[in-house]
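Trainee: Could we go through this structure together, so that I learn how each label is earned from the value behind it?
Mentor: Gladly; ask about one label at a time, and we shall set each value against its cut-off.

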Amino acid sequence: MNQNQCYLPTAIVVVVCGVAQVRSSASDHRYTAGDEVPLYANKVGPFHNPSETYRFFDFPFCSSAPVKEKKEALGEVLNGDRLVSAPYRLDFLGNKEAEVACKRKLTKEEVAKFRTAVSKDYYFQMYYDDLPIWGFLGKVDKEGKADPSEYKYYLFKHLIFEILYNKDRVIEITVRSDPNALVDLTQDEPVNVDFMYTVKWKETETPFEKRMDKYSESSSMPHHLEIHWFSIINSCVTVLIRDQRPDKCVPN
């Protein structure tokens with residue numbers, strides 16, 4: 001007796017998550033004094049909405065050299081990375097003190113754009129030798145001011161990079177803003193900005209193989225670092241492949 005063979009619909013779910021590391025242009029992460037270590041500017045976006053991000057130079061920063069885009073791997077694309085050369089140069093073991101990276105005269109429209117970003121707690125993200133770093137664009141001074149119309153808005157113009165190294169390798173990097181180096185954005189008026197940076201190197205005994213441990217232990221991260229992992233989750237892509245059910249069974 002012949003039996004009818006039915007082709008039932010099948011569903012294959014493929015989940016692809018952008019958890020790949022950013023890869024620098026340095027193949028072995030080994031450097032000698034004075035070597036240029038790759039530093040890429042990545043995203044800018046509001047602290048409270050990590051899925052909303054913009055390119056670094058969508059905002060009126062400046063650069064003393066032509067901005068170059070990094071060729072991104074698939075994992076970086078899925079993670080929403082938009083890597084370009086940063087305006088700061090952090091050579092291996094090269095200390096710097098309040099060096100001017102570049103200068104720019106902000107128009108009143110650009111001042112307003114930065115002010116809006118500061119009011120929404122916008123942060124930036126960069127990668128240095130594959131290590132992620134975060135910082136805020138500025139701050140809002142609300143102290144002693146009950147009326148929001150009296151708030152003062154400031155842009156941070158001086159970044160301080162502190163880098164740990166072990167022999168010929170970068171182990172850790174942090175960035176903070178100089179609280180005394182501020183640009184007043186309160187009024188819609190043109191303003192001159194000198195974007196500055198300081199670099200401080202310090203030796204550590206932490207081995208290179210353990211330098212990523214703090215990023216894998218999300219529970220011990222400061223809250224602002226958790227933005228990165230929320231963004232990764234948001235970048236997960238689900239691909240559904242489904243065979244179409246035939247109109248009728250096909251006999252043998």
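**From values to labels**

Mentor: At 67% relative accessibility Lys167 counts as exposed, and we should keep in mind throughout that this is a predicted model.

Trainee: What makes Lys167 count as exposed?

Mentor: The label exposed asks for a relative accessible area over 50%, and Lys167 has 67%, so the label applies. Lys167 is placed in the loop between β11 and β12 (169-177).

Trainee: What is notable about the phi of Lys167?

Mentor: Its phi is positive, at about 60°, although Lys167 is not a glycine. Most residues other than glycine have a negative phi. Ala98, which lies in strand β6, also is not a glycine and has a positive phi, of about 50°.

Trainee: Why is Ala98 called partly exposed?

Mentor: Buried needs a value under 20% and exposed a value over 50%, with partly exposed in between; Ala98 has a relative accessible area of 34%, so it takes the label partly exposed.

Trainee: How do you know whether His48 is buried or exposed?

Mentor: His48 has 63% relative accessibility, and because exposed means over 50%, His48 counts as exposed. His48 is found in the loop between β3 and β4 (54-55), and it lies 8.2 Å from Lys120, C-alpha to C-alpha, although the two are 72 residues apart in sequence.

Trainee: Why is the pair of Tyr165 and Trp201 called edge-to-face?

Mentor: Two conditions have to be met: the ring centres must lie within 6.5 Å, and the planes must be over 60 degrees apart. For Tyr165 and Trp201 the distance is 6.1 Å centre to centre and the angle between the planes is 65°, so both conditions hold and the pair is edge-to-face. The structure holds 15 aromatic pairs.

Trainee: What makes this pair a tie between separate parts of the chain?

Mentor: Tyr165 belongs to strand β11 (residues 158-166) and Trp201 to strand β14 (residues 191-203), so the pair ties together parts that are 36 residues apart in sequence. Both partners fall under the 20% limit for buried, since Tyr165 has 17% relative accessibility and Trp201 has a relative accessible area of 13%.

Trainee: Which residues form one aromatic cluster?

Mentor: Tyr54, Phe56, Phe57, Phe59, Phe61, Phe114, Tyr122 and Phe195 form it. Within this cluster, Phe59 has Lys113 over its face, at 5.1 Å from the ring centre.

Trainee: How do you know that the distance allows Arg169 to be placed over the ring of Phe208?

Mentor: The distance limit is 6 Å from the ring centre, and the charge must also be within 35 degrees of the ring normal. Arg169 is at 3.9 Å from the ring centre of Phe208, which satisfies the distance limit, and Arg169 is indeed listed as lying over the face of that ring.

Trainee: Where does Phe61 lie, and why is it called buried?

Mentor: Phe61 lies in the loop between β4 and α1 (74-78), and its relative accessible area of 10% is under 20%, so it is called buried. Phe61 is also among the residues closest to the centre of the largest cavity, together with Tyr88, Phe124, Phe156 and Leu159.

Trainee: What do we know about the volume and lining of that largest cavity?

Mentor: Its volume is about 110 Å³, and its lining has 12 nonpolar, 1 polar and 1 charged residues. The elements β7 (122-128), β10 (152-156), β11 and β14 each supply at least two residues of this lining.

Trainee: How does the largest pocket present itself, and which strand gives the most to its lining?

Mentor: About 500 Å³ of space lies in the largest pocket, and β6 gives the most to its lining, with 3 residues. By class, the lining has 13 nonpolar, 4 polar and 6 charged residues.

Trainee: Why is the link between the side chains of Asp91 and Arg89 called a polar contact?

Mentor: A polar contact needs N or O atoms within 3.5 Å, and these side chains make one at 2.8 Å, so the distance meets the limit. Asp91 is found in the loop between β5 (84-85) and β6, and Asp91 is buried because its relative accessible area is 16%, against a limit of under 20%.

Technical notes: Residues are numbered from 1 along each chain as its sequence is written. This is a predicted model: local features need pLDDT of at least 70, side-chain atom pairs count only at pLDDT 80 or more; totals for chains, interfaces and linings use all residues. Side-chain values use heavy atoms; hydrogens and water are left out. Rings of Phe, Tyr and Trp (its six-membered ring) pair if their centres lie within 6.5 Å; planes under 30 degrees apart count as stacked, over 60 as edge-to-face and the rest as tilted. Helices (H or I, at least four residues) and strands (E, at least two) are DSSP runs, numbered from the N terminus. Buried means under 20% relative accessible area, exposed over 50%, partly exposed in between (1.4 Å probe, protein chains only). On a 1 Å grid over the protein atoms alone, a cavity is a set of points where a 1.4 Å probe fits but cannot get out, and a pocket is an open set with protein on both sides within 12 Å along at least five of seven lines; lining residues have an atom within 4 Å of a point. Grid points are joined across faces, edges and corners, and a volume is the space filled by probe spheres set on the points. Ala, Val, Leu, Ile, Met, Phe, Trp, Tyr, Cys and Pro count as nonpolar, Asp, Glu, Lys and Arg as charged, and the others, Gly among them, as polar. A polar contact is a pair of N or O atoms within 3.5 Å; within protein, one must be able to donate a hydrogen and the other to accept it, and residues adjacent in sequence count only if both atoms are side-chain atoms.
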